[in-house]
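Dear colleague,

I am handing over the structure below, and what I found in it follows underneath. Please read the notes with the coordinates open beside them.

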Amino acid sequence: MKKTVFLSVLLLFVITATGLSANAKMDRKQASQATLNSVQSDHVIRVYGPGGPLGPIKEAAEHFSIETGIKVEVTAGPESNWISQAKQDADIIFGGSEYMMQDFIFNHPEMIDTKSRTELYPRATGILVRKGNLKKIENLEDLTKNGVKILDVNGAGQLGLWEDMAGRKGIIEGISQNIDLSVKSSAEAIERWKSNPSLDAWITYESWHYRLKDVTDLVELPEEEKLYRGTPIALTKITDQKKEAQQFIEYLKTEEGHQIFQKWGWK
């Protein structure tokens with residue numbers, strides 16, 4: 001009798017232990033799946049590029065995220081500041097001009113899915129001057145006057161910009177003589193513009209005025225004197241969110257996306 005009771009108790013213990021073990025495995029599996037689902041739902045489209053187009057792309061990203069629930073994180077500025085991270089997690093790369101994107105492809109052939117490369121919208125050149133325009137600069141010819149100090153960005157989508165514009169009017173030498181400072185990036189140009197009030201003018205894109213309204217006035221040139229450069233964008237080869245990333249690019253090409261770019265000075 002005692003032996004029978006003992007065996008019954010032992011059997012009940014084994015059954016209970018087995019049930020607890022199975023439940024524990026199920027709980028762990030459910031917890032693991034929940035964690036995986038959480039990670040998947042926390043995916044972020046990571047977008048990198050130069051500082052020029054940051055304003056419209058960041059604003060468009062905010063609108064896109066609200067409409068779709070897909071988070072987009074935009075990082076912009078000099079390439080040296082973000083390229084190391086971009087090589088690890090970039091889904092999209094944009095450029096400040098077509099030649100900038102091509103240079104990026106030359107320098108990082110492993111990064112860009114060239115078949116996905118597309119053009120967004122062009123932006124026009126203009127002249128940025130100090131608030132109040134005390135030097136009374138109204139056109140390109142005024143930049144050749146004695147005492148005018150010009151800031152030049154020799155790169156960052158602006159390589160050769162002023163020379164192409166001046167060459168049409170035969171005033172390359174006059175403008176060249178008045179270039180007081182040349183820098184390699186727009187970020188450095190902004191820093192120097194703010195810290196050096198002796199600089200009078202900067203031949204650049206009209207769009208920069210919309211980022212610097214507190215420290216610039218815009219001299220808009222006649223249409224026939226403007227130059228336009230593009231704003232390319234492309235998927236990376238390393239993205240694991242191709243569908244969602246392409247969806248964001250397609251949003252930028254919609255009328256709503258275009259209006260955002262126009263608000264920031266694009267055509």
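**Notes on the model**

A156 lies in the loop between β6 and α5 (161–169), and in this predicted model A156 has a positive phi of about 50°, although it is not a glycine. Most residues other than glycine have a negative phi. With a relative accessibility of 26%, A156 counts as partly exposed. K136 is likewise not a glycine and has a positive phi, of about 55°; its place is in the loop between β5 (123–129) and β6 (150–153). K136 is exposed, because its relative accessible area of 57% lies over the 50% cut-off.

As for the chain as a whole, it has ten helices and eleven strands, and buried residues make up 43% of its 267 residues. Among the contacts in the chain with a separation of 6 or more, 79% are accounted for by residues 24 or more positions apart. The chain exposes about 14,400 Å², of which carbon and sulfur atoms supply 53%.

One helix pair may interest you: helix α2 (residues 54–68) packs with helix α10 (residues 255–263) at an angle of about 150°, their axes being 9 Å apart. Since angles over 145 degrees count as roughly antiparallel, α2 and α10 are therefore roughly antiparallel to each other, and α2 passes α10 in a right-handed crossing. On the α2 side the contact is made by P56, I57, E59, A60, H63 and E67, and on the α10 side by E256, I260, F261 and K263; by class, this contact has five nonpolar, one polar and four charged residues.

With best regards

Methods:
Residues numbered from 1 in each chain as written. Predicted model: local features only at pLDDT ≥ 70, side-chain atom pairs only at ≥ 80, totals over all residues. Heavy atoms only, no water. Axes fitted to C-alpha atoms, helices over the stretch in contact; angles between N-to-C directions. Helix = DSSP H or I, 4+ residues; strand = E, 2+ residues; numbered from the N terminus. Parallel < 35°, antiparallel > 145°, perpendicular 65-115°, else oblique. Left-handed = near helix turned anticlockwise from the far one by under 90°. Contact = heavy atoms within 4.5 Å. Nonpolar A, V, L, I, M, F, W, Y, C, P; charged D, E, K, R; others polar. Buried < 20%, exposed > 50% of the residue type's maximum accessible area, 1.4 Å probe, protein only. Areas by Shrake-Rupley, 256 points an atom, 1.4 Å probe, with all protein chains shown as cover.
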